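Subject: The structure I promised you

Hi,

Here is the structure we talked about, with the sequence alongside. Have a look at it first, and then read on for what turned up.

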Amino acid sequence: MKIKLDEYDKVSFLISGLFQFEENALFSQAALAITEDEILIYDDHRPTDKNEGVYHYAIKKRFKICDIDLVIDEKITGNADLSNYGRLYFYREDDEDSFEFYYMQNDKKELYKLLKELNKLGVPNTKKTAKIKATKF
């Protein structure tokens, strides 16, 4: 089995997690990639197509890095179902364009590298604790 990601040659960093692709939909497996000027989200739940043993994943969402004002790394408390997850909140001036990406706590080292990479690209980040309730994960 071979995996092919659209625009992989531009990707400087990649991390897996959960993303909500449609409004009011359930979160599903996803991969978040960083390029020099964009954040790309791939649907990691299923490939876009399979051809002769090559699993192809198309980019499902794109966000310009210059449009992101702040990234908040949130430690989740108050919910046992989410104890293995952290949440990245990508804040944009127009709040409706802001988005969330959940990552596994086991990937914390990789997450720090991701945040460092975003910082190099001019996107500041901070940490906070968030007490939340999960309804549909």
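How do β4 and strand β7 (residues 59-64) pair, and over how many bridges? They run antiparallel, with five bridges between them. One pair of facing residues to look up there is Ile 41, which stands opposite Lys 61 in β7. Before you go further, bear in mind that this is a predicted model.

β4 has another partner as well. Strand β3 (residues 28-34) pairs with β4, again in the antiparallel sense and over five bridges. The two form a hairpin, and three residues sit between them. If you want a spot to zoom in on, take Ile 34, whose bridge partner in β4 is Ile 39.

So what about burial in β4? Strand β4 (residues 38-43) is mostly covered, with six of its six residues buried. In a regular strand, side chains alternate between the two faces of the sheet. Here Glu 38, Leu 40 and Tyr 42 point one way from β4, while Ile 39, Ile 41 and Asp 43 point the other way. Both sets are buried, the charged-looking names included in the list, Glu 38 and Asp 43, among them.

Next, the open sheet. It has three strands in the order β1-β6-β5, and the pairing is mixed. β1 (2-5) and β5 (49-51) are the edge strands, each pairing on one side only. From one strand to the next, the twist averages 25°. β5 and strand β6 (residues 54-57) run antiparallel and are joined by three bridges. Asn 51 has Val 54 in β6 as its bridge partner.

Then there is the helix. α1 (residues 108-120) has 13 residues, and from its first C-alpha to its last it reaches 19 Å, close to the 18 Å expected at 1.5 Å a residue. Which leucines of α1 are buried? They are Leu 111, Leu 114, Leu 115 and Leu 118. These four cover an arc of only 95° around the axis, so they lie on the same side of α1. On the face turned away from that buried side, you will find the exposed residues Lys 109, Lys 116 and Lys 120. Just after α1 comes Gly 122, with a positive phi of about 95°.

Shout if anything looks odd on your screen.

Cheers

Key
Residues are numbered from 1 along each chain as its sequence is written. This is a predicted model: local features need pLDDT of at least 70, side-chain atom pairs count only at pLDDT 80 or more; totals for chains, interfaces and linings use all residues. Side-chain values use heavy atoms; hydrogens and water are left out. Buried means under 20% relative accessible area, exposed over 50%, partly exposed in between (1.4 Å probe, protein chains only). Two strands pair if DSSP finds at least two bridges between them. Axes are lines fitted to C-alpha atoms, for helices over the stretch in contact, and angles run from 0 to 180 degrees between N-to-C directions. The expected span of a helix is 1.5 Å times one less than its number of residues. The arc is that of the directions from the helix axis to the C-beta atoms.
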